[in-house]
Structures are given as structure tokens and as C-alpha cells.
There are 4 protein chains.
Amino acid sequence: MSEVPSRLTFRLSYGDCDALGIAYFAMFYPWMERTYSGWLYGRGIHSADLIGEFGVYTVGMRSACRYLMQCQVFDELTCQAVLDHVGTTSYTVGFDFLRGDDLVAHGEIVFAVRTPDGAKAPIPGGILDALRSLPPSTLAES
Amino acid sequence: MSEVPSRLTFRLSYGDCDALGIAYFAMFYPWMERTYSGWLYGRGIHSADLIGEFGVYTVGMRSACRYLMQCQVFDELTCQAVLDHVGTTSYTVGFDFLRGDDLVAHGEIVFAVRTPDGAKAPIPGGILDALRSLPPSTLAES
Amino acid sequence: MSEVPSRLTFRLSYGDCDALGIAYFAMFYPWMERTYSGWLYGRGIHSADLIGEFGVYTVGMRSACRYLMQCQVFDELTCQAVLDHVGTTSYTVGFDFLRGDDLVAHGEIVFAVRTPDGAKAPIPGGILDALRSLPPSTLAES
Amino acid sequence: MSEVPSRLTFRLSYGDCDALGIAYFAMFYPWMERTYSGWLYGRGIHSADLIGEFGVYTVGMRSACRYLMQCQVFDELTCQAVLDHVGTTSYTVGFDFLRGDDLVAHGEIVFAVRTPDGAKAPIPGGILDALRSLPPSTLAES
């Protein structure tokens with residue numbers, strides 16, 4: 001299903017930038033979630049109803065972002081979801097933030113799969129299929 | 001119950017300011033909600049469970065903010081909830097943003113009271129009592 | 001220059017919604033600014049450098065939003081900048097938030113034009129031209 | 001200068017929580033910055049004017065957050081800045097998010113010190129003194 005976009009493009013606005021005129025460090029995180037949730041939704045997976053669909057849910061265990069180049073108001077950035085790591089009961093989705101060909105930041109969110117009573121559970125097939133459709137990161141090591 | 005605070009004091013951080021170094025216009029709105037929800041919560045009213053407590057719920061109909069003085073990073077502001085207007089099926093909570101004695105902004109949120117099936121309903125007594133405990137705005141007319 | 005888009009389309013993500021699962025009332029404001037700043041930027045007007053371009057700058061005097069229909073996570077909204085009012089030294093840009101054909105919210109920002117020493121000044125021709133290229137609101141009265 | 005607070009306490013509001021009713025993962029980051037910037041400011045260090053004070057500036061290289069316990073609307077959290085690591089040209093400030101005695105999340109921001117022309121530089125003495133006044137994290141390993 002390569003037709004489902006796993007990226008979002010946006011122009012940095014004033015609200016994305018801090019008092020120094022550069023992209024606010026925390027601004028990248030909501031764009032990661034927006035890219036991830038919208039991509040899953042486009043593949044028919046409604047992340048608020050994973051229990052109903054798969055009998056399990058996912059919890060965010062960790063998030064992180066590395067800042068590689070400074071960004072300024074009106075820069076056009078693309079947030080591309082990439083496959084960072086697939087384990088047995090957890091997975092890491094990466095997010096390459098690109099300005100043209102430059103990788104300006106790389107984020108990641110680690111998700112763990114849980115049963116309704118909180119026990120670890122394997123990644124459902126439907127999510128695995130989605131994850132495997134993601135491109136690898138342009139970042140050699142993160 | 002004057003002991004329940006209807007104000008919050010905070011220092012503007014980089015994330016509250018825009019690329020020009022002044023308070024971002026949209027930043028005031030979450031502080032209004034934080035002040036309002038925390039104040040009601042302090043009085044024992046859980047705004048997510050109004051149906052359970054009062055048989056009605058409230059919906060935000062309108063919000064607004066007037067910017068009177070420019071604010072900058074590290075300014076200390078107090079957001080004080082004030083009583084702007086009480087109608088029969090709706091009410092307006094105002095928010096005076098003060099820097100020392102200066103009123104730097106005035107916000108407001110209009111709430112309408114609804115039954116579970118969406119019909120207009122009178123303001124519950126518990127909410128009326130809370131509203132009447134709020135001070136009036138320092139702004140003569142808004 | 002009808003080719004410069006004065007609208008942005010986005011899908012509501014979790015971060016846009018509150019604990020009750022509906023669009024957070026404050027979420028609309030950054031989208032107004034993003035739409036406005038990006039549209040001006042597309043027309044060659046860099047809102048952080050109005051002094052350099054026009055010898056004046058603009059200050060936000062007031063913002064407001066009316067909520068007409070409830071929105072939920074994953075709803076696709078379009079924020080369309082519209083012309084609400086043009087005065088001599090100030091103007092109001094409106095923002096129609098549409099979900100399909102439905103107007104779900106209407107926002108506005110009032111901008112005042114000022115000289116570097118803070119005096120009122122007429123709207124520069126370049127901004128007037130831009131404003132007059134905006135469509136009128138789909139909202140009869142706001 | 002133990003009298004300068006290196007912590008902030010706040011109650012989770014609706015705007016801090018996502019559509020599922022739990023603390024939004026990205027919400028923790030602006031609180032880290034608010035705690036850090038306000039603490040430095042309280043010690044007389046204005047992070048927007050480090051060049052003027054110390055001849056160097058700091059850039060955020062990386063941020064991260066581990067989520068240890070789920071938080072819900074109206075939970076009262078304290079964000080405590082802690083000393084995670086001091087290197088020669090960079091340092092890591094940690095942030096313990098506490099709900100009562102429970103550590104619910106641990107964040108960190110890595111800052112690198114740079115000269116105006118972008119070269120690595122040692123941490124200025126004034127910042128070192130401030131960092132060494134921070135308590136250690138309650139988290140054994142992060």
C-alpha cells in the first residue's frame with residue numbers, strides 16, 4: 001500500500017519557533033505523532049481502537065530527537081516516518097525531518113504492545129505489515 | 001471558599017514566545033483553560049464528569065483574547081479567572097492576565113450548558129456558586 | 001496571484017484533541033497563524049521583516065474563535081483565510097475551518113499597523129493587495 | 001544558592017492530555033524547557049544572552065523522555081531539574097517528573113557549548129556552578 005503517505009510536509013510558522021527565531025526543540029514531537037497517527041489511519045488502523053481491532057494496545061515507552069541542523073521560520077520541512085527497529089513486543093518508529101536533501105533532525109518513538117491487563121504481547125500482524133512498508137532511515141546510525 | 005485559587009502565576013518561557021521574541025498570541029488560551037479547569041477541580045467539580053454530577057455538560061461556544069501590552073520572555077504573568085457574564089443557559093469566564101499591576105491581556109471563554117441530548121439547560125447550582133465566587137474583571141468593559 | 005494558497009488542510013491528530021476526545025479549543029489558533037503567515041510568505045511578504053519592506057509593522061490586537069460543530073480526532077479540516085474587514089489602520093483576517101462543506105469553526109485575528117515609534121499608520125499597499133485577494137467568509141455574519 | 005527553585009509544579013489540564021485521556025507524550029518537553037530556563041533565569045543567567053555574558057552560547061543537541069507511569073488529567077506533577085552529566089564541552093540536564101513520590105517520567109536535554117563561530121567551547125564557569133547546584137536524579141540509570 002505504497003499509496004498511503006508516511007510523510008507530512010509543513011512550513012515552520014512563528015508558533016513553531018522560539019524567542020531566538022529558531023525551531024523550538026519541542027515542536028518536532030507533535031509532528032512525529034501527527035505523521036505516525038495519520039499514516040496508520042490511512043492504512044485503516046485507528047490507533048485509539050487497537051484493542052477492538054487487535055485485542056492489544058500500544059504505549060509510548062520513550063521518545064527522543066536529535067537536532068542536526070538549525071531550522072528557521074518559513075523553512076519547509078518534511079517529516080518522513082521510517083522503520084528504526086522491530087522487536088517482538090515493541091517497535092521503534094523513526095522520523096527523518098528533511099529540508100530539501102538535508103536531514104535536519106531525527107526523532108523516534110518506542111512503542112510497546114500490551115494486552116488489556118498490561119502484559120507484554122507480540123506485535124499484531126496488521127501493525128507489522130504496516131511497519132514493514134516504511135522506508136529505512138537515511139540516518140546510518142541513530 | 002476563597003481558599004481555592006482562581007489564578008495561576010507563570011514565567012514566560014521560550015516555548016511561549018514566537019520568533020520575534022514576544023509572547024505568542026495563541027499561548028494565552030491554554031493558560032485560560034488550565035486556570036479554569038484547575039480552579040473548578042479545586043472546588044470539587046471535575047469538568048470531564050459534569051454529566052455524572054449535574055446531568056448536563058458544558059461546551060465552549062467562543063473564545064477570544066485582547067492583547068493590551070506586549071509581553072516578553074521571562075515576564076512573570078498571573079492569569080486570574082474573573083466573572084464576565086452569567087446568563088440563563090450560558091456563562092462567560094474572563095481571564096485577566098496581569099504583569100504586576102498591569103493588565104496585559106484579557107481573554108474570555110463562553111460556555112453553554114446542554115443536556116445529554118443537546119438541548120439548552122440552566123446553569124447547575126454548583127457551577128453558579130463557583131462562578132459567583134470569582135472576582136469581577138479589572139477591565140471596565142471588554 | 002490566485003496561485004498562492006490561502007488555505008491549509010490537516011487531519012486532527014491526538015495532540016490536537018483534549019482528554020474528552022474532541023478538538024481542543026486552543027488548537028485552532030496556531031493553525032490560523034500558520035495559514036496566515038504561510039500565505040503572506042507565499043506572496044513574498046515576510047511578516048518578520050515588515051519594517052524593512054514597508055516601514056511599518058503589524059501587531060495582533062485581538063483574536064477570537066467561534067465553535068460551530070464539534071470535531072474529533074482524524075477529522076480532516078481545511079483552514080481557509082478569508083477577508084473579514086479592512087479599515088484604515090487595521091484589518092481583520094478571518095479563518096473558516098471547514099470539514100467537507102461544513103463550517104465547523106470561524107476564527108479571526110485583528111491586526112493594527114504601527115510605525116516603528118508606535119503610531120497608527122495606514123495599511124501598506126502590498127498588504128492591501130494581498131488582503132483583497134482573499135475570498136469572503138462563508139459565514140454571513142461573524 | 002539553594003533558594004533558587006529548580007522545579008515547577010503543575011496540574012495536568014485538558015490541553016496536556018490527548019484524546020485517550022492520558023498525558024500527551026510531547027507535553028513533557030515544554031515543561032522541561034520552562035523548568036530549565038526559569039531556573040537559570042532565577043540564578044541571573046539569561047539563556048538568550050549567553051554570548052553577552054559568557055562569549056559562548058548553547059545549542060540543544062538531543063532531547064529524550066522515558067515514560068514510566070501513565071498520567072491523567074488533574075494529576076499534580078513536579079518537574080525537577082537534575083544533573084545527569086557534565087562533560088567538557090557539553091552537559092545533560094535531566095528532568096524527573098514526580099507524582100507524589102512516584103517517578104512518572106524522566107526527560108533529558110543535551111546542550112553543547114559553542115563559540116559565536118560554531119567551534120566547541122568549554123562550559124562557562126557560571127553555568128558549571130549552576131549545574132553543580134542541581135540534585136542528582138532519583139533514577140539510578142537513565
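**Entry 1, the cavity.** I looked first for enclosed space in this predicted model, and the count came to 1 cavity of 30 Å³ or more. I noted the volume of the largest cavity as about 1,200 Å³. I then went through its lining, which is made up of 44 residues, and I wrote down those closest to the centre, namely Pro30(A), Gly15(B), Pro30(B), Pro30(C) and Pro30(D). When I asked which elements give two or more residues to this lining, I found α1 (28–42) of chain A, α1 (28–42) of chain B, α1 (28–42) of chain C and α1 (28–42) of chain D. Sorting the lining of the largest cavity by class, I recorded 24 nonpolar, 8 polar and 12 charged residues.

**Entry 2, a helix in chain B.** I turned next to helix α3 of chain B, residues 125–132, where I found Ile127(B), Leu128(B), Ala130(B) and Leu131(B) to be buried. Looking down the axis of α3(B), I saw that its buried residues fall within an arc of 165 degrees, so they line one face of the helix. I also checked what these buried residues of α3(B) pack against, and my list for chain B reads α1, α2 (50–54), β3 (76–86) and β4 (90–99).

**Entry 3, chains B and D.** I superposed chain B on chain D by a rotation of 180 degrees with 0.0 Å of shift along its axis, and the RMSD was 0.0 Å. The two copies are therefore related as by a two-fold rotation axis. In chain B, I found the C-alpha nearest the axis to be that of Phe10(B), which lies 5.1 Å from it. I noted last that the same surface serves both copies, since 100% of the contact residues of chain B recur in chain D.

Definitions and conventions
Residues numbered from 1 in each chain as written. Chains lettered and ligands numbered in written order. Predicted model: local features only at pLDDT ≥ 70, side-chain atom pairs only at ≥ 80, totals over all residues. Heavy atoms only, no water. 1 Å grid on protein atoms, 1.4 Å probe; cavity = no way out; pocket = protein on both sides within 12 Å on 5 of 7 lines; lining within 4 Å. Points joined across faces, edges and corners; volume = space filled by probe spheres on them. Helix = DSSP H or I, 4+ residues; strand = E, 2+ residues; numbered from the N terminus. Nonpolar A, V, L, I, M, F, W, Y, C, P; charged D, E, K, R; others polar. Buried < 20%, exposed > 50% of the residue type's maximum accessible area, 1.4 Å probe, protein only. Arc of directions from axis to C-beta. Contact = heavy atoms within 4.5 Å. Least-squares fit on C-alpha atoms with pLDDT ≥ 70 in both.
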